[in-house]
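Welcome, and please open the model in your viewer. We will go from stop to stop, selecting a few residues each time.

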Amino acid sequence: MTSPLSFEALKSQASSLSFRNKAFINGDYVDALSGKTFDCISPRDGAVLTKIAECDLADVERAVVAARAVFEKGSWSEASPGTRKAVMMRFADLMEKHASELALLESLDMGKPITLAVRDDIPLSYKCIRWYAEAIDKIYDEISPSDPHSIGMITREPLGVVAAVVPWNFPLMMAVWKLGPALAMGNSIILKPAEQSSLTALRVAELAVEAGLPEGVLNVVPGFGPTAGKALGLHEDVDCIAFTGSGEVGKLFLQYAGQSNMKRVWLECGGKSPNIVLADCPDLDAAAEAAAGGIFYNQGEVCTAGSRLIVEESIRDELIEKVIAAGKAMQPGDPLDPASEMGAIVDETQMNRVLGYIEKGQSEGARLSMGGKQVRTETGGYYVEPTVFDGVNNDMTIAREEIFGPVLSVISVADWKEAVKTANDTPYGLAAAVWTSDINKAHLAARKLRAGLVWVNCWDGGSMTMPFGGYKQSGTGRDRSLHALDKYCEIKSTWIALGDA
C-alpha cells in the first residue's frame with residue numbers, strides 16, 4: 001500500500017478479500033483431518049470473517065512427516081547458499097507485492113490500526129526475510145588453530161524440523177522473526193499461528209511456494225494451543241520449538257521438551273518493562289510522547305510495552321500531565337480508518353482481562369488518572385480507552401503482571417538508584433529505558449538494568465542488526481540479528497589427522 005487510501009476505499013477493499021482458511025501442508029491447502037473448524041472473528045466489529053481449519057495431533061503428524069521428508073531429501077537443507085538466498089529474496093519481493101492485502105488481513109484479523117500495519121508490520125516483515133536472505137552467503141564457517149598435521153573444522157548444519165509458535169499481537173512480524181533465520185539455515189518449518197490471527201500466516205505460505213520454496217519446507221497448522229501447540233511440543237521428530245507468547249505457555253513447552261526428545265526450546269515471553277524518566281531528562285515532551293506511545297501503541301498489546309513509568313518525584317506531576325495529553329490524542333477507532341491511532345483489543349476474552357486488571361488497580365488503591373473504560377460498544381467490537389494509573393507501588397498487581405493492554409502504571413521514586421532497583425524488581429527482563437542528560441547515569445543504569453533491551457533517551461530503538469530477547473522469565477535466546485541464526489543450527493566439530501605426503 002504505497003499511497004494513502006480513504007476509509008471508504010479501505011472498507012471496500014476489505015469486503016472483497018478472500019481468506020485462506022485451510023491448513024497448508026506439503027505445499028497444499030487441506031482441511032483438518034477431523035473436519036473441524038473454528039470461527040475467525042474480527043475484533044473490529046465481532047463479525048465472523050471465515051471458518052479456519054482446526055488442526056490437532058493428526059494434522060501435526062502430517063506436517064511433521066512432510067517437513068522431515070523434504071529435509072532428508074535435501075532440496076532445501078542441502079541447497080547452495082546462492083539458491084536459498086534467491087528463493088528468500090523472491091519470497092520477500094512477493095510479500096512486498098502483496099503488502100496491501102497482507103496489511104488488510106492483519107488489521108481485520110487482530111484489530112491493528114491499518115496505518116500501523118501499512119507503515120510498520122508488513123514492511124518490517126518482508127524486510128526481515130530480505131535481511132536474512134542477504135546474510136546467507138556472508139556467514140563463514142571456521143578453521144580452528146591446530147598443528148601442521150591436523151585440521152579442525154567448525155561447521156554449521158541445519159537442525160531439521162523447527163516448530164514456530166507465534167502470538168497474535170504482531171502475527172506476521174513475529175512469524176518472520178522465526179522463519180527468516182530458520183529458513184536461512186536450511187531448516188524445514190511448521191508454523192502454528194495464534195488461533196486469533198491465522199490469516200497472514202496462511203497467505204504467506206502460499207507466497208513462499210510461489211517464490212520457489214520446495215513443498216513441505218513451510219507448513220502452517222492453525223489451531224489451539226492445548227491441541228496443535230501441545231502436539232508440536234511433544235512430538236519426537238520436532239527438533240526445536242521457537243515460541244513467542246505468555247510465560248505460562250512458555251513453561252509448558254519446556255515441560256513438553258523434557259517429556260519428549262529434549263528438543264531445543266527458544267522462548268520470548270513478554271515483560272513488565274520499566275520506562276525510567278529522571279529529573280535531568282533532556283526533553284520532557286519527547287519522554288512523555290514516548291511514554292504514551294510505548295504503552296498505547298498497538299493497544300498496548302506489545303511484549304516490550306512500557307507499562308511501568310518510573311519517574312523521579314520532582315517531575316512526576318508535570319510528566320503525568322504531558323503523558324495524559326498525549327494519550328488523549330490516541331483514542332480507539334475503527335482499525336480500517338487511517339485516522340485511528342489505536343484499534344481494537346484482539347478478542348473479547350483479552351478485553352475482559354484488561355478491564356479486570358483496571359478494576360484490580362482501583363481496588364488495590366491506585367489512582368485512575370485517565371480512561372479505564374470499554375468504549376465503542378455500539379460497534380460490537382472490543383475497544384478499551386487509554387488508561388493511566390498514578391500512585392502505583394511496585395507491589396500492586398498492575399505493576400507486577402503483564403496486562404497486554406493500554407494500561408500505564410506510574411511509580412514515583414526519589415533518585416536514579418531507587419529507579420533502577422524498582423525497575424529490576426520484577427520476574428521479567430525484556431526491555432527498559434532511562435531518560436537522563438547525565439552520561440554517567442545513562443551508562444551505569446544501562447549496565448545495572450536486568451533487561452535484554454535497554455534504550456537511553458528513546459523507547460523501542462533498534463533495527464534488524466540488534467538482538468531481541470530478554471533476561472529472567474522473559475525468555476531464552478534472541479530473535480533478530482545474526483545471533484538468531486545460532487538458534488537454528490547445529491555446531492559440528494570435525495578433526496582431521498593428516499598423514500605424511
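Start by selecting Val311 and Ser412: Ser412, in strand 18, is the bridge partner of Val311. Strands here are DSSP runs of E with at least two residues, helices are runs of H or I with at least four, and both are numbered from the N terminus. Now widen the selection to strand 13 (residues 308-312) and strand 18 (residues 407-413), which run parallel and are joined by five bridges. Two strands count as paired if DSSP finds at least two bridges between them.

This is a predicted model, in which local features need pLDDT of at least 70 and side-chain atom pairs count only at pLDDT 80 or more, while totals for chains, interfaces and linings use all residues. Residues are numbered from 1 along each chain as its sequence is written, and side-chain values use heavy atoms, with hydrogens and water left out.

**The seven-stranded sheet**

Next, show the whole sheet around that pair: seven strands in the order 14-17-18-13-12-19-20, open and with mixed pairing. Which strands stand at the edges? They are strand 14 (367-370) and strand 20 (453-456); each has a single partner strand, so one side of each is left without a neighbour in the sheet. From one strand to the next, the twist averages 20°. Add helix 12 (residues 348-363), which packs on the sheet and touches strand 14, strand 17 (387-390) and strand 18. The direction of helix 12 makes about 20° with that of strand 17. Angles run from 0 to 180 degrees between N-to-C directions, and axes are lines fitted to C-alpha atoms, for helices over the stretch in contact.

**Two helix pairs**

Select helix 14 (residues 416-424) and helix 15 (residues 439-448): they pack at an angle of about 20°, their axes 10 Å apart. That makes helix 14 roughly parallel to helix 15 (angles under 35 degrees count as roughly parallel, over 145 as roughly antiparallel, 65 to 115 as roughly perpendicular and the rest as oblique). To see the contact (heavy atoms within 4.5 Å), show Trp416, Val420 and Asn424 of helix 14 with Lys441, Leu444, Ala445 and Lys448 of helix 15.

Then move to helix 8 (225-234) and helix 9 (residues 247-259), whose axes are 8 Å apart at an angle of about 45°. That makes helix 8 oblique to helix 9. Here Gly229, Lys230, Gly233 and Leu234 in helix 8 meet Phe253, Tyr256, Ala257 and Gln259 in helix 9.

**A salt bridge**

What joins the side chains of Arg68 and Asp237? Select both and you will find a salt bridge, 3.1 Å from N to O. The term stands for a side-chain nitrogen of Lys or Arg within 4 Å of a carboxyl oxygen of Asp or Glu. Arg68 lies in helix 2 (residues 57-73) and Asp237 in the loop between helix 8 and strand 10 (240-244), so the pair, 169 residues apart, links distant parts of the chain. The whole structure has 34 salt bridges.

**A hairpin and a smaller sheet**

Now pick strand 3 (residues 37-41) and strand 4 (residues 48-53), an antiparallel pair with five bridges. Asp39 has Lys51 in strand 4 as its bridge partner. The two strands form a hairpin with six residues between them, and Gly46 in the turn has a positive phi of about 75°.

Finish with the open, antiparallel sheet of three strands in the order 5-6-22. Its edge strands, strand 5 (142-144) and strand 22 (489-497), each pair on one side only. For a last close-up, select Ile143 and find Met153 of strand 6 opposite.
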